[in-house]
Amino acid sequence: MSRIVGVEVHELLIPFRLRFRHAAHARDKAEHLVVEVTLEGGAKGYGEILPRAYVTGETVATALADARELWAPALKTLQLDTSGPNPPFAALAPLYEEADAQRKLASYSGFDVAVFNAWAAAAGITLATALGTAATPPPLRVAPIGIGFPPRLAAHIARLFRLRAFKIKVGDAKGLERVLAVYAHAPKDASFVLDANRALHELSATALLAALRLADVRLDAFEEPLASGDPLALARLEETTGVPVMADESLVTRADAALLLRHRAASWWNLRLAKNGGFSGLRALAALARPAGLTLQLGALVGETGITEAASDAALALLGPVRRRESSYPRWLLKEDPAPGGKVSRAKLARWTRATHRLF
């Protein structure tokens with residue numbers, strides 16, 4: 001057994017190369033927390049906390065307070081078995097249960113991922129191997145098109161990354177125009193999801209879908225379309241338009257998942273390591289989604305570094321079949337990625353750290 005002998009939280013601030021905007025928020029920098037966990041023997045693991053007040057109600061300030069008051073004290077007493085191939089789901093279960101019950105899953109997720117990474121380093125096994133084999137075929141890699149993206153830039157993104165799957169932000173006055181422009185520049189066999197970030201009312205969402213149907217634009221799903229987040233309204237929109245609804249902001253905890261399932265409100269779920277509680281949360285929600293026959297997307301949050309990108313690669317094995325895979329594309333979005341390929345550079349991390357809090 002191995003104890004955790006050190007926890008540090010780094011306040012990160014990295015400028016973006018370009019501004020990314022959607023209906024709920026605009027960002028031009030990564031401003032979040034990186035968790036560093038050290039085990040006996042020196043093995044280290046890293047995770048990220050990317051709080052979104054409009055999703056979980058958490059902020060950087062509340063996440064830092066939770067790190068001090070909840071998660072660091074709990075990790076002090078944790079014992080990890082690093083002698084075998086079994087990941088630390090059981091050891092972390094009480095922490096995940098508390099985070100899920102208190103809706104503190106963003107702050108918890110950084111600790112969950114950091115502990116998993118530290119465990120893997122100490123056990124001498126990659127997380128991808130420990131968590132199993134990802135289902136085939138591989139998911140479609142998604143190109144995010146934010147509000148304000150010109151069509152030529154969208155076409156450039158498609159060519160640069162060789163992507164055939166798009167998530168187009170809508171919810172502003174030019175939403176329809178943006179979708180039609182991207183559709184015209186994309187490959188003919190491309191896959192499209194719209195994302196309103198809860199910006200529309202039922203009538204406006206229905207009108208947008210009707211206009212796209214007239215233009216022969218084929219959609220895979222409409223992510224979080226309604227401002228109300230009402231599961232009955234979501235179910236009604238899916239039934240009346242025939243376009244599958246994808247839950248994102250309305251899907252944080254297991255209680256949220258149960259409500260969506262009860263009302264058959266969304267046939268797609270967007271799961272994210274940094275939103276749903278790390279590896280522990282993804283495994284718990286996938287266990288609810290699979291029997292219901294739901295379609296899954298593994299999502300990303302704008303500003304994630306290579307830490308979460310690499311963790312998401314490993315997380316695919318927990319989910320079973322995944323239709324689409326998002327990325328924050330840290331190499332291209334961030335002025336510098338402190339963890340290229342998932343390997344943290346201490347010098348790069350220090351360069352973009354405003355303050356470091358040693359919790360024990």
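R254 is partly exposed, at a relative accessible area of 26%, where partly exposed covers the range between buried, under 20% relative accessible area, and exposed, over 50%, as found with a 1.4 Å probe on protein chains only. The model in which R254 sits is a predicted one, in which local features need pLDDT of at least 70 and side-chain atom pairs count only at pLDDT 80 or more, whereas totals for chains, interfaces and linings use all residues. Residues are numbered from 1 along each chain as its sequence is written, and side-chain values use heavy atoms, with hydrogens and water left out.

R254 takes part in a salt bridge with D100, at 3.0 Å from N to O, a salt bridge being a side-chain nitrogen of Lys or Arg within 4 Å of a carboxyl oxygen of Asp or Glu. This pair joins distant parts of the chain, since D100 belongs to helix α2 and R254 to helix α9, 154 residues apart; helices here are DSSP runs of H or I with at least four residues, strands are runs of E with at least two, and both are numbered from the N terminus. D100 counts as buried, with 9% relative accessibility. The side chain of R254 also meets that of E97 in a salt bridge of 2.7 Å, N to O. That second link again spans distant parts of the chain, with R254 in helix α9 (residues 254–263) and E97 in helix α2 (residues 89–102), 157 residues apart. E97, at 39% relative accessibility, is partly exposed.

A search of the whole structure finds 27 salt bridges. One further pair is formed by E223 and K167, whose side chains meet at 3.2 Å, N to O. Here the link runs between strands, from E223 in β8 (residues 221–223) to K167 in β6, across 56 residues. E223 is buried at a relative accessible area of 0%, and K167 is buried as well, at 4%. Both residues belong to a network of salt bridges that links K167, K169, D195, E223, D248, R272, K275 and E326.

Helix α8 (residues 231–241) offers a view of packing, for its buried residues are P231, A233, L234, A235, L237, E238 and T241. These buried residues pack against α7 (202–214), β9 (245–247) and α9, contact meaning heavy atoms within 4.5 Å. At the N-terminal end of α8, D230 acts as a cap, with a side-chain oxygen 3.1 Å from the backbone nitrogen of L232. At its other side, α8 is followed by G242, whose phi is positive, near 80°.

S327 lies in the loop between β12 (324–325) and α13, and this residue is buried, with a relative accessible area of 5%. The side chain of S327 makes a polar contact of 2.9 Å with the side chain of E309, a polar contact being a pair of N or O atoms within 3.5 Å in which, within protein, one must be able to donate a hydrogen and the other to accept it, while residues adjacent in sequence count only if both atoms are side-chain atoms. A polar atom of the S327 side chain also lies 2.9 Å from the backbone nitrogen of Y329. Leaving aside residues up to four places away in sequence, S327 touches R141, P144, A300 and E309.

P144 leads on to the pockets. The largest pocket has a volume of about 620 Å³. A pocket is found on a 1 Å grid over the protein atoms alone, as an open set of points where a 1.4 Å probe fits, with protein on both sides within 12 Å along at least five of seven lines, and its lining residues have an atom within 4 Å of a point. Grid points are joined across faces, edges and corners, and the volume is the space filled by probe spheres set on the points. Of the 34 residues lining the largest pocket, F20, P144, V302, S328 and L333 are the closest to its centre. Two or more lining residues come from each of β1 (2–21), β2 (26–39), β5 (140–145), α5 (151–161), β6 (165–169) and α13 (330–333), and α5 gives the most, with five. By class, the lining of the largest pocket holds 18 nonpolar, six polar and ten charged residues, where Ala, Val, Leu, Ile, Met, Phe, Trp, Tyr, Cys and Pro count as nonpolar, Asp, Glu, Lys and Arg as charged, and the others, Gly among them, as polar.

The second largest pocket has a volume of about 420 Å³. Its lining consists of 19 residues, of which N117, L127, A310, G342 and K343 lie nearest the centre. The largest share, five residues, comes from α12.
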